Amino acid sequence: MSEVTNEMMVRFKSRHENVTFARAVAVSFLMNLNLNLNVISEVKTLVSEAVTNAIIHGYKNVRTKDVEMHLSYDDKEIRIDVIDYGVGIPDLEKAKEPLFSTLPEEERAGLGFTIMEVFSDDFEIESTVNEGTKVHMVKRYEDSDLTYK
Ligand SMILES: Nc1ncnc2c1ncn2[C@@H]1O[C@H](COP(=O)(O)OP(=O)(O)OP(=O)(O)O)[C@@H](O)[C@H]1O
Ligand SMILES: [Mg+2]
């Protein structure tokens, strides 16, 4: 990655309405890049999936915990980190498998990580049981992804 040109961090409570908030904050932060709508909507999906996981899995829907989102960008890529200090993931390989979910009874498809992997150019999960989870995603963009050149 070349030098970071801009970065921000936000911390919010583990409430479902904050999925919408996180998405909106990410879009606002990236507004100056003039990215086209496809890239923006993919970033929104990445943020939604990661923040939803932090709330429903990391914190088991307890609404008083803290979720952090870090965003940065340079002239080539956007980096997104979503962090929780919740239960952690015991088996990362299993968790990343398409259609694997520990909440199938709640009609979870088990596709969040698969979607994150597909929509990002670089995708890493760090997790420790009882300490929490950090999802790191990189989205590269090019001139053709910009609305104004
Ligand atoms: N932040 C997290 N903390 C703890 N466990 C997690 C976290 N994120 C994901 N997991 C675990 O990984 C599994 C797979 O996550 P993934 O997002 O792919 O599927 P899902 O959330 O179960 O279903 P979907 O995203 O399709 O609604 C989850 O079922 C859960 O067990
Ligand atoms: Mg999910």
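Q: In which hand does α2 pass α4 in this predicted model?
A: The model is predicted. The axes of α2 (residues 37-58) and α4 (residues 112-119) come within 9 Å. The crossing of α2 past α4 is left-handed.

Q: Is α2 roughly parallel or antiparallel to α4?
A: The two axes cross at roughly 150°. Angles over 145 degrees count as roughly antiparallel. Therefore α2 and α4 are roughly antiparallel.

Q: How many nonpolar residues are in the contact of α2 with α4?
A: On the α2 side, the contact uses E42, T45, L46, E49, A50 and N53. From α4 come G112, F113, I115, M116 and F119. By class, two are charged, three are polar, and the nonpolar residues number six.

Q: Which parts does the pair of F29 and Y73 tie together?
A: The rings of F29 and Y73 sit 5.2 Å centre to centre, with 50° between the planes, a tilted pair. Both residues are buried. They are 44 residues apart in sequence, F29 in one element and Y73 in another, so the pair ties together helix α1 (residues 17-30) and strand β2 (residues 66-73).

Q: Is the aromatic pair of F113 and F123 stacked, tilted or edge-to-face?
A: The centres are 6.0 Å apart and the planes meet at 55°. Planes under 30 degrees apart would count as stacked, and over 60 as edge-to-face. The pair of F113 and F123 is therefore tilted.

Q: Is F123 of strand β4 buried or exposed?
A: F123 lies in β4 (residues 122-128), ten residues from F113 in α4. Its relative accessibility is 12%. The cut-off for buried is under 20%, so F123 counts as buried.

Note on methods
Residues are numbered from 1 along each chain as its sequence is written. Chains are lettered from A and ligands numbered from 1 in the order in which they are written. This is a predicted model: local features need pLDDT of at least 70, side-chain atom pairs count only at pLDDT 80 or more; totals for chains, interfaces and linings use all residues. Side-chain values use heavy atoms; hydrogens and water are left out. Axes are lines fitted to C-alpha atoms, for helices over the stretch in contact, and angles run from 0 to 180 degrees between N-to-C directions. Helices (H or I, at least four residues) and strands (E, at least two) are DSSP runs, numbered from the N terminus. Angles under 35 degrees count as roughly parallel, over 145 as roughly antiparallel, 65 to 115 as roughly perpendicular and the rest as oblique. A crossing is left-handed if the near helix is turned anticlockwise from the far one by less than a right angle, and right-handed if clockwise. Contact means heavy atoms within 4.5 Å. Ala, Val, Leu, Ile, Met, Phe, Trp, Tyr, Cys and Pro count as nonpolar, Asp, Glu, Lys and Arg as charged, and the others, Gly among them, as polar. Rings of Phe, Tyr and Trp (its six-membered ring) pair if their centres lie within 6.5 Å; planes under 30 degrees apart count as stacked, over 60 as edge-to-face and the rest as tilted. Buried means under 20% relative accessible area, exposed over 50%, partly exposed in between (1.4 Å probe, protein chains only).
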